[in-house]
Amino acid sequence: MDLQQLIHLIRAKVVEGRLPQNTFSGVTGRAGNNEICLACNEPVARNQLVVEGIGEATTAVHFHIGCFYCWNAERASLASLARAMAAGMATASPE
Ligand SMILES: [Zn+2]
């Protein structure tokens, strides 16, 4: 999967609620142990870094380090867009 496909997949998952829309309250990193990355659905091998996030759900969420950064950027971008749209709608004058 190339970067554009990964970003498209992650964006779709965030919009559909299959990936968290909010940041985690805690994040740790360690060597992988074939955990399934929630972003790309591929296992995180033992020679890769797995990022484990704890958020609203009680279970940990696992990402490849690159997938984590893509998810965090897409999540923040979509949240910013939602705020801008809400602000624009709130200040738009009726016609
Ligand atoms: Zn991944």
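**Group meeting: a walk through the sheet, the core and two odd loops**

Okay, let's start right in the sheet: A31 sits opposite L49, and L49 belongs to β4. That pair comes from β1, residues 26-31, running antiparallel to β4, residues 49-54, with 6 bridges between the two strands. Before I go on, keep in mind that this is a predicted model.

Now the other side of β4. It also pairs with β5, residues 61-64, again in the antiparallel sense, and here there are 4 bridges. If you want to find that pairing on the screen, look for G53 across from V61 in β5. Another handle is E52, whose bridge partner in β5 is H62.

Put those together and you get an open sheet of 3 strands, ordered β1-β4-β5, with antiparallel pairing. So which strands stand at the edges? Those are β1 and β5: each has a single partner strand, so one side of each has no neighbour in the sheet. From one strand to the next, the twist averages 30°.

Let me zoom out for a second. The chain as a whole has 2 helices and 5 strands, and reading along the sequence you go α-β-β-β-β-β-α. How does the radius of gyration look beside that of a compact globule of 95 residues? The globule would come in near 12 Å, and our chain has 16 Å. The C-alpha trace spans about 60 × 30 × 15 Å along its principal axes. As for burial, 20% of the 95 residues count as buried. And for those of you who like contact maps: take the contacts between residues at least 6 apart in sequence, and 53% of them join residues at least 24 apart.

Next, the core. The largest nonpolar core has 15 residues, and the members that touch the most others are C37, L38, A39, F63, C67 and W71. Elements giving two or more residues to this core are β4, β5 and α2, which covers 65-91. The top contributor is α2, with 4 residues. Let's stay on L38 for a moment. What does L38 contact, once you leave aside its neighbours within four places in sequence? The list is L19, V61, H62 and F63. Two of those names should ring a bell: V61 was the residue opposite G53, and H62 was the bridge partner of E52.

Now for the backbone people. Most residues other than glycine have a negative phi. Two asparagines here go the other way. N34 has a phi near 65°, and N34 lies in the loop between β1 and β2, the latter being 35-36. N41 also has a phi near 65°, and you'll find N41 in the loop between β2 and β3, with β3 at 43-44. Are they buried or exposed? N34 is exposed, because 12 other C-beta atoms lie within 10 Å and the cut-off for exposed is 12 or fewer. N41 is exposed too, with 11 other C-beta atoms within 10 Å.

Last stop, the N-terminal helix. L3 is part of α1, residues 3-16. L3 counts as exposed, since it has 9 other C-beta atoms within 10 Å. How far is L3 from C70 in space? C-alpha to C-alpha, L3 and C70 are 9.0 Å apart, with their positions 67 residues apart in sequence.

That's my tour; over to you.

Definitions and conventions. Residues are numbered from 1 along each chain as its sequence is written. This is a predicted model: local features need pLDDT of at least 70, side-chain atom pairs count only at pLDDT 80 or more; totals for chains, interfaces and linings use all residues. Two strands pair if DSSP finds at least two bridges between them. A nonpolar core is a set of buried Ala, Val, Leu, Ile, Met, Phe, Trp, Tyr and Cys residues joined through C-beta atoms within 7 Å. Two residues are in contact if their C-beta atoms, placed from the backbone, lie within 7 Å. Axes are lines fitted to C-alpha atoms, for helices over the stretch in contact, and angles run from 0 to 180 degrees between N-to-C directions. The radius of gyration is taken over C-alpha atoms; the globule rule is 2.2 Å times the number of residues to the power 0.38.
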